[in-house]
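Q: Please take a close look at the sites that a database record marks in this chain. Then show me how the rest of the chain is laid out around them.

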Amino acid sequence: MHSDTSSSQPLAHSPIWQALQAQAAEFKQASLKGLFAVDPQRAERFSLELPEFLLDFSKNLLDQEVFVNLLRLAEEAELPRWCADFFAGKPINATEGRAVLHPALRGGLQEDIEIDGDFVTAQVEAELERLKKFVVLLHNGALTGYRGKRFTDVVNLGVGGSHLGPQTTIEALRAHRKGDVAVHFVSNVDGTQLTDVLAGLDADSTLFIVSSKTFTTSETMTNARSAHAWLQRAMPEVDGEVLLQQHFAAVTSSPDKAQQFGVLPERTFRFWDWVGGRFSLWSSIGLPIAIACGFENFRALLDGAASMDKHFREAPLETNAPVIMALLSVWYCTFMGYPAHAVLPYEQALHMLPSYLQQADMESNGKSTTRAGVAVDYPTGPLIWGQTGINGQHAFYQYLHQSPEVVPADFIGSVAPGHDLDGHHEILLANMFAQSQALMNGVDAESVASELAAKGLSQEEIKRLTSFKVHRGGKPSNTILLKELDPRSLGALIALYEHKIFAQGVILQIYSFDQWGVELGKGLANKLEPKLAAGDLSGEDSSTTQLIEYYRRKKNG
Ligand code: F6P
């Protein structure tokens, strides 16, 4: 078991924790506008410029004293030691007895690491080389279906980390596509999705990639079997095993299971136990990215992430972007009691980022047991939600502006547009800057009244309407302004969030790299599935019994 010296000293209730609690009570009433008024250097003081982006965290409800106390909290939580242990390959995923080494996938380690007698860098490079060759063959048209047609379409069958990373990345890099092989994704066991995707495809030129770390996930394996049946219907004369060999590839950390399923060893791409599913897009799980965007762009994505690894490893806490993001999240979620956090990309290409971060953050830090094995008595991570900012403005921003709830937000945009249409990008960015400004400043009653008076409204009308138009303001946000949304900066951006998640877990003394909470439902679904058709329901609760009985009655007419 990884040594956890800090677990015997719970941070909650320590003097620094209590100091922050007292400051949180005070800062709930603070005026963000006021904080800017008293400090002309505030934007500069609370911003960081990295090679790929500017992080402006000045519009947050904190001052220098709070910031210093948050940094002390990180020190007392031994974040630097945990960070060193993480990059050294120590088994910091202690409940599963594993190292956590996704930085190794992108050259982000300071020194190579030996695990079970093998150096990880050599393994990673060998697998990347295999991936590269496969992508070249696919792009050249050298890989064909059984009847000799080149593959024009690839369907990735995978869910969670075996889906979200690759699709989020391909969408984000739409301006960086290479080759003419179309990549599709099927993650849902709801057959509607597979049916819809297959409806547009020709079996002769379709290759399926079964992406599953475990190669046992029921949704993915069901989709894989149905995809195989679809091929078989299109090519009834061909032996089923041959179809699996010719039209399937696999990405997994259980290659033996992929081969039992029927995928050829030369089309099975590996990754390892020390890569968590939600951190796996940098591994062979990124095969769809390399197909859609080219291997060089995949490499650039890895390089960008490695530059963030280096920054996280080396920068002092006070100028360390992931650490600062983690501390702000701890400040809001744990100390101020704001349970949610909005991710608001002002970049159409990043439209899947909120979903991606939902898994990365919530599956990691949605925990209720400390590393010492006792129940936490504080929130451990925010509910992550959001969508593209402009669409959100016409949907839920009303809530952000005028609900009594405070939802801290990340605004994410890019200086360079991903298209060449005149005028669009300035409108987009002006909206992004305006929204964070409006959330910060709000509008007080006096300003509302004078605005209404200027429009010629009577005193009586002004009195009646003013309270409805007041915006309290003081709603905090970060802004991440990328120079350009390219493979390198995207890699850095995703790694920024990955390390934020890890740092937050360390500070709150939880384990971020396991996910026992998702196992319970999987087990129950497996148990209930045969009961939908028939069988004894005694022992089930009355609601589940009622639902299954209703299903059976209606299904059978
Ligand atoms: O959602 C739970 C989970 O275990 C994720 O952590 C993982 O990304 C996903 O299921 C898919 O698992 P697999 O890649 O093994 O099919």
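A: The answer starts with the annotated sites and then moves outward.

This is a predicted model, in which local features need pLDDT of at least 70, side-chain atom pairs count only at pLDDT 80 or more, and totals for chains, interfaces and linings use all residues. Residues are numbered from 1 along each chain as its sequence is written.

Which residues carry the feature "active site" in UniProt? The unreviewed entry places this feature at Glu363, His394 and Lys522. These residues are spread over 160 residues of sequence, and they are also spread in space, up to 36.3 Å between C-alpha atoms. UniProt positions are given here in the numbering of this chain, feature names are shortened, and annotations may be inferred rather than shown by experiment.

Take Glu363 first. It sits in helix H15, residues 353–365. Helices (H or I, at least four residues) and strands (E, at least two) are DSSP runs, numbered from the N terminus. Is Glu363 buried or exposed? It counts as buried, because it has 22 C-beta neighbours inside 10 Å. The rule is simple: 20 or more other C-beta atoms within 10 Å of a residue's own means buried, 12 or fewer means exposed, and anything in between means partly exposed, with C-beta atoms placed from the backbone. Glu363 is in contact with Arg278, Gln515 and Val518, leaving aside neighbours within four places in sequence. Contact here means that two C-beta atoms, placed from the backbone, lie within 7 Å.

Now Lys522. This residue belongs to helix H22, residues 517–533. Lys522 has 13 other C-beta atoms within 10 Å, so it is partly exposed.

Next, the ligand. It has 14 residues around it, and Gly160, Gly161, Ser212, Thr217 and Gly277 come nearest. A residue is near a molecule or strand if its C-beta atom, placed from the backbone, lies within 6 Å of it. What classes of residue make up this shell? It has nine polar, three charged and two nonpolar residues. Ala, Val, Leu, Ile, Met, Phe, Trp, Tyr, Cys and Pro count as nonpolar, Asp, Glu, Lys and Arg as charged, and the others, Gly among them, as polar.

Step back to the whole chain. It is divided into domain 1 (11–77 + 315–441 + 475–514), domain 2 (114–299) and domain 3 (518–556). These bounds come from an automatic or database domain assignment. The centres of domain 2 and domain 3, taken over C-alpha atoms, are 33 Å apart. The chain has 23 helices and 13 strands. Its radius of gyration is 26 Å, close to the 24 Å from the globule rule for 557 residues, so the chain is as compact as a globular protein of that length. That radius is taken over C-alpha atoms, and the rule is 2.2 Å times the number of residues to the power 0.38. The C-alpha trace spans about 85 × 60 × 60 Å along its principal axes. Of the 557 residues, 44% are buried. Among contacts between residues at least 6 apart in sequence, 76% join residues at least 24 apart.

Some single residues show such links. Gly418 lies in the loop between strand E12 (409–414) and helix H18 (424–441). Gly418 is partly exposed, because 18 C-beta neighbours lie inside 10 Å. It touches Arg174, Ala175, Ala349 and Leu485, not counting residues up to four places away in sequence.

Helix H18 also holds Met440. Met440 has 21 other C-beta atoms within 10 Å, so it is buried. Its contacts include Leu32, Lys59 and Gly473.

Asn93 lies in the loop between helix H5 (79–87) and strand E3 (114–115). Its 20 C-beta neighbours inside 10 Å are why it counts as buried. Asn93 and Trp274 are 181 residues apart in sequence, yet 9.0 Å apart in space, C-alpha to C-alpha.

Finally, the backbone. Most residues other than glycine have a negative phi. Glu78, in the loop between helix H4 (64–76) and H5, has a positive phi near 60°. Asp116 has a positive phi of about 50° although it is not a glycine. Asp116 lies in the loop between E3 and strand E4 (118–119). With 8 C-beta neighbours inside 10 Å, Asp116 counts as exposed.
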